[in-house]
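Please open the model in a viewer and keep the sequence panel visible. The tour below proceeds from the whole chain to single side chains.

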Amino acid sequence: MTSFDDLLSQVPIAQIADQLGVDQATATTAVQAALPTLLGGLQVNAAEPQGAASLLGALDDHGGLVEGEGAVDLGQVDVGDGEKIVDNVFGDEKNTVISALGAGGGAGGNDLIAKLLPILAPIVLAYLAKQLTGGAAPAPQQTQSSGGGLGDLLGGLLGGSSNSGGLGGVIGEALSKNAGGALGSVLGGLLGGKR
């Protein structure tokens, strides 16, 4: 069963806390705020045909990171690749997103969020690849212009993220509904053609 909690269980929070030099409570809060925002940005991009095609192509490169049960080994995460993913998802508004998340209570501030997003992005893509394809090539119905299975998967994950609360949940919810709010309007279609 695909759920936000399942995705969250794949994130090595203790390793992230150690790598970023913060306590686990701060790392947990930051991850719970950043994940829905990242998923929301991916969903906005997957709603556009070009963005969905680009995202499905990116998923092909990330399927092996999430294997079996338990959390990902942080040593296998390519942060440089994560930077590219974050840039593609949020584009020119990356700093706006980082500032909005960093301002949230207990999320550790902008510096922590800026370091966290590139760690989380490859984990999220690996999780999506595993859930969507089961390790196989994407099926034709999943590459439809509407995002097909990918859009449904992201929508399901975002639907399950509302109990994480915080600013990330609010942003993720606004993005998932394409509410046209500040972030919703700037994130629309940013991934398309940039990868």
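**Confidence and overall layout**

Begin by colouring the chain by pLDDT, the predictor's confidence in each residue, from 0 to 100: the chain averages 72, and 67% of the residues score at least 70. This is a predicted model, in which local features need pLDDT of at least 70, side-chain atom pairs count only at pLDDT 80 or more, and totals for chains, interfaces and linings use all residues. Residues are numbered from 1 along each chain as its sequence is written, and side-chain values use heavy atoms, with hydrogens and water left out.

Next, select helix H2, where mean confidence is highest at 94, and then helix H10 (residues 182-187), where it is lowest at 41. Two stretches have pLDDT below 50: residues 135-147, with 20 contacts beyond near neighbours in sequence, and residues 161-195, with 68 such contacts. A contact here means heavy atoms within 4.5 Å. Where pLDDT is low, the predicted coordinates should not be read in detail.

Switch to a cartoon view. The chain has 10 helices and zero strands; these are DSSP runs, numbered from the N terminus, with helices (H or I) of at least four residues and strands (E) of at least two. Of the 195 residues, 48% count as buried, that is, under 20% relative accessible area, with exposed meaning over 50% and partly exposed in between (1.4 Å probe, protein chains only). Among contacts with a separation of 6 or more, 81% join residues 24 or more positions apart.

**The nonpolar core**

Which residues touch the most other members of the largest nonpolar core? Select Ile16, Val31, Leu35, Leu120 and Leu128, which do so within a core of 54 residues. At least two core residues come from each of H1 (4-10), H2 (13-20), H3 (24-46), H4 (49-60), H5 (79-90), H6 (94-102), H7 (109-133) and H8 (148-159). H7 gives the largest share, 15 residues. A nonpolar core is a set of buried Ala, Val, Leu, Ile, Met, Phe, Trp, Tyr and Cys residues joined through side-chain atoms within 4.5 Å.

Centre on Leu35 and leave aside residues up to four places away in sequence: Leu35 touches Phe4, Leu7, Leu8, Val11, Leu120 and Val124.

**Along helix H3**

Now select H3, in which 18 of the 23 residues are buried. Its end C-alpha atoms are 32 Å apart, in agreement with the 33 Å expected at 1.5 Å a residue; the expected span is 1.5 Å times one less than the number of residues.

At the N-terminal end, Asp23 caps H3, with a side-chain oxygen 3.0 Å from the backbone nitrogen of Ala25. Further along H3 is Asn45. Is Asn45 buried or exposed? Asn45 is buried, with a relative accessible area of 0%, and its side chain reaches the backbone oxygen of Gly41 at 2.6 Å.

**Helix H4 and the loop after it**

Move to H4, whose buried residues are Gly51, Ala52, Ser54, Leu55, Leu56, Ala58 and Leu59. The end C-alpha atoms of H4 lie 17 Å apart, which agrees with the 16 Å expected for its 12 residues.

Finally, select Val77 in the loop between H4 and H5. Val77 counts as buried, at 10% relative accessibility. Beyond neighbours within four places in sequence, Val77 contacts Leu65, Val72, Pro118, Ile119, Pro122 and Ile123. Leu65 lies 12 residues away along the chain, and its C-alpha atom is 7.5 Å from that of Val77.

Terms used
Polar contact = N/O pair within 3.5 Å; in protein donor to acceptor, adjacent residues only side chain to side chain.
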